[in-house]
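Thanks for asking me to look this one over. Here are my notes, written as a colleague would jot them down while turning the model on the screen.

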Amino acid sequence: MPNQKCALSLRKLCMIKISVKFELICYGMERTDPRCKKFIEKVIENVDLSDVLLSYLPSSILYDLLEVTSNERTCAHHILHLLLQPHLRRCKIPPKINTRTAFHLLTARCGSLTHLEIPFCKFIDSGYWTEFFKNFQELRLLNLQGTKIDDFALEQIGLHCPKLVSLNLANTPVSSKGLGFISEPQLSGFHPCQHLAYLNILETDVIPFGVYEFIIYHKNIQKIEYETFDEVLKCFTTMSEAQGHQESSTLKNLNFLNCQGNFTETLEKCTKIFNSLDSISLMKSDLTKQVLDHIPQFQSLTKLELGNSTFTQYTVYFHENVVPILENLGNKLLDLRLEKFKFVDITAIGEHCPKLQVLKLSRILSFCNTDYSSKHSLLNLLDLSILNTKGCRITEETLRLLLASQSLQTIHFQFIASISDQFLLSIIQDNPLDNLDQFILQQCHNITVNTLTLLLSCAAQLATLSCWSCAMVGEASRDQIGQIIKEDNLDVHFQWYSSRLVPIPDDLEELALHAVEHNYVPGILDLFPV
């Protein structure tokens with residue numbers, strides 16, 4: 001049985017009490033008192049900040065108290081006045097906080113911040129950021145995802161945040177010009193942000209040449225989140241031919257998306273430029289034999305993601321083209337993800353990838369019939385995802401092989417007809433799934449509420465149980481599971497989406513388009529790997 005809900009810790013209870021009774025505890029007057037507002041204004045005006053009680057709390061306590069208080073109530077000016085102390089080292093600005101007041105106090109007091117997170121703040125104009133970052137020279141982590149930060153603000157980050165290690169600019173309007181401000185050396189010879197190891201520029205206006213220049217100027221960069229590196233590699237090739245020498249980088253991950261035709265020359269260059277790669281992703285691309293034959297060159301890979309385009313999904317063969325890669329690299333692989341393949345052999349994966357911890361198989365047309373007595377079980381798996389199409393058949397024996405690991409923490413099954421109440425009962429009899437934290441059953445139409453009750457009675461560490469569009473689990477079943485969780489006081493988050501009797505296309509891309517047209521299943525586009 002999953003863990004039962006337990007009483008909150010004394011530390012958490014105290015923080016909640018402080019947040020609810022903040023005015024009484026910190027200012028000496030109930031907020032319901034008509035005189036409270038004027039009294040607090042006088043205290044703020046006349047009492048030195050160092051004389052208030054909260055100024056003696058450690059930075060870590062202030063950070064946690066700010067988080068708890070923002071969850072319990074709106075953080076007005078008088079609350080931020082006491083929580084944003086000069087010795088604060090970490091700060092995250094959530095939506096309930098008075099943003100302008102918080103920014104004013106941060107710039108005036110908190111110059112020693114090392115971690116600052118301001119995700120999805122839409123209320124601050126781009127011009128404000130230009131002055132804001134002049135005050136934080138100790139920053140190591142900066143999260144600006146979803147804000148209106150512009151290129152000129154990045155210039156200030158480059159000038160005033162020399163110790164930055166992690167920078168998240170995803171979903172912002174920054175462009176290659178802004179990236180240049182934190183890449184190119186200044187007139188004084190100063191190279192900005194030379195300690196950067198992580199950069200997220202997904203869904204920005206940065207062009208591939210801007211990424212190329214950034215990599216050239218940042219020798220310590222290890223991971224860049226960017227849509228595709230295909231054009232970036234072409235920039236390396238063009239510039240090396242023009243300059244007469246080949247640049248190199250310490251980048252550890254590469255993502256390629258929608259690469260068409262023969263791009264073997266691009267992969268050949270990768271081994272010379274990025275000799276420290278431990279992760280490579282080729283998704284929705286033409287995975288021809290010539291392309292796949294170059295993958296074994298990356299001898300240090302621990303993560304490999306291969307996804308066919310519609311053009312090559314029926315022409316690439318698992319045993320002929322993928323198994324040779326696993327024979328060369330499998331002993332080091334910890335994470336393997338395959339998408340849109342005609343055929344997959346689980347036994348071969350288990351044989352060549354004994355250390356595998358993450359396995360995701362998506363849109364596989366058929367699986368090799370496997371004998372459960374195979375010696376090549378995936379005994380180290382922590383995360384298993386099988387995202388099927390409607391017409392795909394995977395046998396119970398193959399599933400048993402996949403579910404043999406007693407270390408499994410996350411399981412996600414979609415469109416698997418062989419998953420039934422009786423089958424899962426037999427699995428749990430062999431493997432009680434003691435470490436399972438999350439189980440997602442999506443469009444598995446042969447399970448009933450009995451499967452869910454079985455999981456609630458067995459999986460000791462289960463924290464999230466999701467049942468999405470399973471035909472035989474209706475509203476009555478949903479209510480029954482909710483009642484069990486309530487009566488047994490289980491610390492489990494249960495998610496349920498209804499199943500609608502609509503025609504189900506064989507191809508998941510078509511299914512996703514159908515979802516948009518018919519408003520089918522909340523968040524469905526996030527659930528399908530298209």
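The points below go from the whole chain to its sheets, helices and a few single residues.

1. **Overall picture.** Please keep in mind throughout that this is a predicted model. The protein chain has 530 residues, and 52% of them count as buried. I find 21 helices and 16 strands in the protein chain. Along the principal axes, its C-alpha atoms fill a box of roughly 80 × 70 × 45 Å.

2. **Surface and contacts.** About 24100 Å² of the protein chain is exposed, with 51% of that supplied by carbon and sulfur atoms. Among contacts with a separation of 6 or more, 71% link residues 24 or more positions apart.

3. **The nonpolar core.** Which residues have the most contacts inside the largest nonpolar core? They are Ile224, Phe229, Ile349 and Phe413, in a core of 154 residues. Helix H14 (residues 318-329) provides the largest share of this core, with six residues. As general background, nonpolar side chains tend to be buried together in soluble globular proteins.

4. **Around Phe413.** This residue of the core is worth a click. Beyond its neighbours within four places in sequence, phenylalanine 413 contacts Leu384, Ile386, Leu399, Leu403, Ile419, Phe439, Ile440, Leu441, Gln442 and Cys444.

5. **The six-stranded sheet.** An open sheet is built from six strands in the order E1-E2-E3-E4-E5-E6, with parallel pairing. Strand E1 (90-92) and strand E6 (223-225) each have a single partner strand, so these two stand at the edges with one side lacking a neighbour in the sheet. From one strand to the next, the twist averages 5°.

6. **E2, E3 and the helix on the sheet.** Three bridges connect strand E2 (residues 115-117) with strand E3 (residues 141-143), in the parallel sense. Within this pair, histidine 115 lies opposite leucine 141 of E3. Helix H4 (residues 59-72) packs on the sheet, where it touches E1 and E2, and the direction of H4 makes about 5° with that of E1.

7. **Trp129.** Is tryptophan 129 buried or exposed? Its relative accessibility is 0%, so tryptophan 129 counts as buried. This residue belongs to helix H7 (residues 126-132). Residues up to four places away in sequence aside, tryptophan 129 touches Phe103, Ile118, Ile124, Leu144, Thr147, Lys148, Ile149 and Ala153. Isoleucine 157 is 28 residues from tryptophan 129 along the chain, and 9.4 Å separates their C-alpha atoms.

8. **E9 to E10.** Strand E9 (residues 303-308) runs parallel to E10, and five bridges join the two. Glycine 307 has glutamate 339 of E10 as its bridge partner. Between these strands the chain passes through H14, giving a right-handed β-α-β crossover. Strand E10 (residues 335-339) is mostly covered, with four of its five residues buried.

9. **E10 to E11.** The pairing of E10 with strand E11 (residues 358-362) is parallel, over five bridges. Here aspartate 335 is placed opposite valine 358 in E11. The chain goes from E10 through helix H15 (residues 346-352) to E11, and this β-α-β crossover is right-handed.

10. **Helix H12.** Which residues of helix H12 (residues 264-273) are buried? They are Thr264, Thr266, Leu267, Lys269, Cys270 and Ile273. The elements covering them include helix H11 (230-243), strand E7 (253-257), strand E8 (279-285) and helix H13 (289-292).

11. **Helix H18.** In helix H18 (residues 449-458), the buried residues are Val449, Thr451, Leu452, Leu454, Leu455 and Leu456. Their cover includes helix H17 (421-430), strand E14 (438-442), strand E15 (464-468), helix H19 (475-487) and strand E16 (493-497).

12. **Glu396.** Glutamate 396 is part of helix H16 (residues 396-402). Why does glutamate 396 count as partly exposed? Because its relative accessibility is 33%, which falls between the limits of 20% for buried and 50% for exposed. Leaving out residues up to four places away in sequence, glutamate 396 touches Ser418 and Phe423. Glutamate 396 and isoleucine 419 are 23 residues apart in sequence, with 7.8 Å between their C-alpha atoms.

Terms used
Residues numbered from 1 in each chain as written. Heavy atoms only, no water. Core = buried A, V, L, I, M, F, W, Y, C linked by side-chain atoms within 4.5 Å. Buried < 20%, exposed > 50% of the residue type's maximum accessible area, 1.4 Å probe, protein only. Contact = heavy atoms within 4.5 Å. Pairing = 2+ DSSP bridges. Axes fitted to C-alpha atoms, helices over the stretch in contact; angles between N-to-C directions. Right-handed = clockwise from strand over helix to strand, strands pointing away. Areas by Shrake-Rupley, 256 points an atom, 1.4 Å probe, with all protein chains shown as cover.
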